[in-house]
Amino acid sequence: MTLNLLAVGIVLLNIAMALGFYYGLDGRIELPMMVGILYGAVTNTPGLGAAQEALNQLHYDGPQIALGYACAYPLAVVGIIGSIIAVRYLFRINLNKEEEVLNSQNDDVHHKPHMMHLEVRNESIHGKSLIQVKNFLGRPFVCSRIRHNDHVSIPNHETIFYSGDQLFVVCSEEDAEAVTAFIGRQIEVDWEKQDTPMVSRRILVTRSEINGKTLGAMHFRSIYGVNVTRIHRSGVDLFADPNLVLQVGDRVMVVGELDAVERVARVLGNSLKRLDHPNIVTIFTGIFLGILLGSLPIAFPGIPTPVKLGLAGGPLVVAILIGRFGHKLKLVTYTTQSANLMLREIGIVLFLASVGIEAGANFVQTVVEGDGLLYVGIGFLITIVPLLIIGAIARLYFKVNYFILMGLIAGSNTDPPALAYANQAANNDAPSVGYSTVYPLTMFLRILAGQMILLLLM
């Protein structure tokens, strides 16, 4: 909520500055062109497309607003990255200290799996089954192996714990201390040298039938005699909670005897070649539904012409919904990173090519003889002033970690080059977290803002 409120502040300040320049210059720059400068200043191409659709509804036949966008865009990228650097030096931020604070205040530790070897020392659980111990403790954990009387086996819910048993336990980081205190003490065990050959293997979920099923519904322990200790998804390890919903592309860490693990691999698919095939049905279903949603008129009181999400906002909203609920409709949402980037870049390039061809005829004349340099200067101020103001507020009042603040600044301008710089400077995932946290709301507001300005004031 804090990060999104700060991002909304940046959006509002961008709009306020654009309108301030429009009225301050007493109409020297037409309102549509100012909107084009605004979108160039915040490097938001989908918003420019939505604004052009609004102008078509108003039968606008003036200069192409893509000229203002093109003038403001290059220096805006420099301004966004420059703001990230300026905040660092203005507040004398030490990156090493920021990383230490980030690690100590990480709010997502309960998602991270923690592995440990324990020896049963608690006499109260002597002779109790695994399911009884779990119920007594009241915290989820996975016992993937147990060593009793020098014999290693895969435990199930009916396995009895005895004093002196050695366990391989996986739980969330926040529960690790409580699990250890309840069961016994941590020890060192080399499980590879025990009598029963156990293997641990990451298995790819590639069968579409598995998509959307919970981990508990697969009954791996009772049917196949194996344990699932953690799930690797999109670069993050997740604790194997029974309620966790499996998705195509997940890597499931399975522990058990070799033949049992291989049976689980056949159930889940484990075919890397299958992941190389893009899920065209899901992609184009999303595009089709997104276009329909984007074309629906949204009426606001006092505005004679309805607002539309457009070809950018509609697919964005539908994509978020499909990503969250698509498995219920048997839609596989996994797409390889390379295919994802290819689709994204082709879309942006085709759009910029079309508006560039349309606006290019008058570009040189606008810059050399017209107000092109004025567009550049105004765009740069619209870019950098709100970022410095909100950056100072975020740092001084809300104490936002600098790595997350870098992602916030990049995400509030939906600017991938700034995110790339932030990721390179940080060497951790915090900028991506900040970016993805504010990106959807910011994109939604950017798409609506230009239309609202044009439809209200023209």
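How do helix 16 and helix 18 lie to each other, roughly parallel or roughly perpendicular? Let's work it out together, keeping in mind that this is a predicted model.

## Two helices side by side

Start with helix 16, which covers residues 402-412, and helix 18, which covers residues 430-457. Their axes are 7 Å apart, and the packing angle is about 25°. Angles under 35 degrees count as roughly parallel, and helix 16 and helix 18 are therefore roughly parallel to each other. The crossing of helix 16 past helix 18 is right-handed.

Which residues make this contact? Helix 16 contributes Phe403, Ile404, Met406, Gly407, Leu408, Ala410, Gly411 and Ser412. From helix 18 come Ala430, Pro431, Gly434, Tyr435, Val438, Tyr439, Thr442 and Arg446. Sorted by class, the contact between the two helices has 10 nonpolar residues, 5 polar ones and 1 charged one. If you follow the contact on the model, it helps to recall that an α-helix has 3.6 residues a turn, so residues three or four places apart point the same way.

## A helix wrapped by others

Now stay with helix 16 and ask how many of its residues are buried. The count is 11 of the 11, so helix 16 is largely enclosed by the rest of the structure. Among these buried residues are Tyr402, Leu405 and Ile409. The cover over the buried residues of helix 16 includes helix 1, helix 4 (66-90), helix 5 (95-104), helix 15, helix 17 (416-426) and helix 18.

## A buried leucine in helix 18

Helix 18 has another residue to look at: leucine 455. Is leucine 455 buried or exposed? Its relative accessibility is 5%, and buried means under 20%, so leucine 455 counts as buried. Leaving aside neighbours within four places in sequence, leucine 455 is in contact with Leu58, Ile303, Pro304, Thr305, Pro306 and Val307. You can also find alanine 51 on the model: the C-alpha atoms of leucine 455 and alanine 51 are separated by 9.7 Å, while the two residues are 404 residues apart along the chain.

## Charged pairs

How many salt bridges does the structure hold? There are 9 of them, and the table shows some examples.

| Pair | N to O distance |
|---|---|
| Arginine 28 and aspartate 371 | 2.9 Å |
| Arginine 121 and glutamate 119 | 2.8 Å |
| Glutamate 119 and arginine 185 | 3.2 Å |

Take the pair of arginine 28 and aspartate 371, which form a salt bridge. This pair links distant parts of the chain, with the two positions 343 residues apart. Arginine 28 sits in the loop between helix 1 (2-24) and helix 2 (31-41), and aspartate 371 in the loop between helix 14 (363-368) and helix 15 (372-396). Arginine 28 is exposed, at a relative accessible area of 53%, whereas aspartate 371 is partly exposed, at 22%.

Next come the salt bridges of glutamate 119, one with arginine 121 and one with arginine 185. The pair of glutamate 119 and arginine 185 also links distant parts of the chain: glutamate 119 lies in strand 1 (residues 113-120) and arginine 185 in strand 5 (residues 184-186), 66 residues apart. Through shared partners, salt bridges join Glu119, Arg121 and Arg185 into one network. Within this network, glutamate 119 is buried, with a relative accessible area of 12%. Arginine 121 is partly exposed at 46%, and arginine 185 also counts as partly exposed, at 37%.

Conventions. Residues numbered from 1 in each chain as written. Predicted model: local features only at pLDDT ≥ 70, side-chain atom pairs only at ≥ 80, totals over all residues. Heavy atoms only, no water. Axes fitted to C-alpha atoms, helices over the stretch in contact; angles between N-to-C directions. Helix = DSSP H or I, 4+ residues; strand = E, 2+ residues; numbered from the N terminus. Parallel < 35°, antiparallel > 145°, perpendicular 65-115°, else oblique. Left-handed = near helix turned anticlockwise from the far one by under 90°. Contact = heavy atoms within 4.5 Å. Nonpolar A, V, L, I, M, F, W, Y, C, P; charged D, E, K, R; others polar. Salt bridge = Lys/Arg side-chain N within 4 Å of Asp/Glu carboxyl O. Buried < 20%, exposed > 50% of the residue type's maximum accessible area, 1.4 Å probe, protein only.
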